[in-house]
Amino acid sequence: MTRRPATPLPPPKERRHLRETTALTQAQLAERVGVAPGTVRAWESGRTTPRGRKREAYAKLLKTLAEEAAAGRAARDPASGPRNAAGANRTRPEPEAHPEPEAHPQPAPHPEPDPRPEPEARPEPEGHPQTLPEPASEPLPEPRPAPVALTPAQAFDALYEFGAPALVRQTYLLTGRREQARESVERAFQTAWEHWPEVARDRDPVGWVRAAAYEYALSPWQRLRPRHRRPEPPPADPGDRTLLNALLRLPPRHRRTLVLYDGVGLDLPETAAETEASTPAAAHRLLHAREAVADRLPALADPQVLHRRLAELASNERLGAARPPSVRRGGERRARFRTRAAIAFTVALIGTTALTLRTAPTHYEPPVSPGQAVRGVPPRVAQGSLSDEEQELRRKLRDQWQGGPERLRPGLE
């Protein structure tokens, strides 16, 4: 018995876009599908995937929303409708009825003399009349060379050189520390190299690495490192220093949302998906972050000015990144170290278990309880362990020969 293939669904970002295009909330869409709003939020973020009848109902509803969105666009742009319809209904013209060919074709009329040299006529095969040369057509485009398949190392190096410099500057806006930003990006790329098949198939590899770098940079355990206790020199420009302090005073979630939306330039649904929040929650975080920055710097109340200042703050700092081969080798060394540590721990655990089984007693021997007096009769003193002096005396008596006077025996005189 075979199962029928699952109903195809659009990507998570397109599901969210279709819902927002038709002005539906997650609660309304959940009510129409028959699930909880949190389930729809998980479907749109990509954390879970619907199955069974819920999947079919969800796919049917998304198809309806797509048709409604297309109808709305056609109503707003009526000129596109007939043109598209005409293009869709265009068919090949039916061939006209040709008369029967004559036995001997008429010779073609001679063209007027042209001062330009005529192209040489290609020789026709025997049995076919020679026709006039066709007018010169536009040259055909040259065939593109087939793309060269890159090795995983080459593809990783290209991705690193493309995204690492910008990611280091963005992470600096989150942490305010140059070395921590560089280390976070390198760790994120090392993690991407360890999961390279997954990253290579991802639709947005830079976004995958960016999410990993932000998570590592904003991790709470970073405060426990000795490096965090040593302050780094602030930016030289007073304006940049004030803006960086205002960013660092924001909560980590608000700071990340502000950097993604006003710094990186993502739209609101993508920002919400990357921060694992709903679109209204991401919008509230963004508004609160903008208000907090505007309270300290009123000149940055305009989002366009804030976006420009964030770009200037990230560009003014000289933040370098390591070379791709060194990042790959560092990730491979970390993987080998973890593997060897796991093997060593397993061997130590096995050895400790074997030693315990070898030296552990096989049965339980209860200790001898001390004697007690019964009706005034003292307990019988049992032979106990000897003291150090007694053991030394016993050893001396056993090792040394004790001579004495000879025994007197009667003898004959």
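In this predicted model, Thr 171 touches several residues beyond its neighbours within four places in sequence. These contacts are with Ala 181, Ser 184, Val 185, Ala 213, Tyr 214 and Ala 217. Thr 171 belongs to helix α6, which spans residues 152–175. Its relative accessibility is 0%. Buried means under 20%, so Thr 171 counts as buried. A polar atom of the Thr 171 side chain lies 2.6 Å from the backbone oxygen of Leu 167.

One partner of Thr 171 is Ala 181. The two residues are 10 positions apart in sequence. In space, their C-alpha atoms are 5.1 Å apart.

Two packed helices are described by the angle between their axes and the distance between the axes. For α6 and α7, the angle is about 145 degrees. The axes are 8 Å apart. The crossing of α6 past α7 is right-handed. On the α6 side, the contact is made by Pro 152, Ala 153, Phe 156, Leu 159, Tyr 160, Gly 163, Ala 164, Leu 167, Val 168, Thr 171, Tyr 172 and Thr 175. On the α7 side, Arg 178, Gln 180, Ala 181, Arg 182, Ser 184, Val 185, Glu 186, Phe 189 and Trp 193 take part. By type, the residues of this contact divide into 13 nonpolar, 5 polar and 3 charged. Thr 171 and Leu 167, the pair joined by the 2.6 Å approach, are both among the α6 residues of the contact.

Arg 178 is also part of the contact between the two helices. Arg 178 lies in α7, which covers residues 178–194. Its relative accessible area is 17%. The cut-off for buried is under 20%, so Arg 178 is buried as well. Leaving aside neighbours within four places in sequence, Arg 178 is in contact with Tyr 172, a residue on the α6 side of the helix contact. Other partners of Arg 178 come from later in the chain: Glu 232, Pro 233, Pro 234, Pro 235, Glu 317 and Leu 319.

The chain as a whole has 17 helices and 0 strands. Of its 413 residues, 25% are buried; Thr 171 and Arg 178 are among the buried ones. Among contacts with a separation of 6 or more, 69% join residues 24 or more positions apart. The exposed area of the chain is about 31700 Å². Carbon and sulfur atoms supply 56% of this area.

Terms used
Residues are numbered from 1 along each chain as its sequence is written. This is a predicted model: local features need pLDDT of at least 70, side-chain atom pairs count only at pLDDT 80 or more; totals for chains, interfaces and linings use all residues. Side-chain values use heavy atoms; hydrogens and water are left out. Helices (H or I, at least four residues) and strands (E, at least two) are DSSP runs, numbered from the N terminus. Buried means under 20% relative accessible area, exposed over 50%, partly exposed in between (1.4 Å probe, protein chains only). Contact means heavy atoms within 4.5 Å. A polar contact is a pair of N or O atoms within 3.5 Å; within protein, one must be able to donate a hydrogen and the other to accept it, and residues adjacent in sequence count only if both atoms are side-chain atoms. Axes are lines fitted to C-alpha atoms, for helices over the stretch in contact, and angles run from 0 to 180 degrees between N-to-C directions. A crossing is left-handed if the near helix is turned anticlockwise from the far one by less than a right angle, and right-handed if clockwise. Ala, Val, Leu, Ile, Met, Phe, Trp, Tyr, Cys and Pro count as nonpolar, Asp, Glu, Lys and Arg as charged, and the others, Gly among them, as polar. Accessible areas come from the Shrake-Rupley method with a 1.4 Å probe; for residues, only the protein chains shown count as cover.
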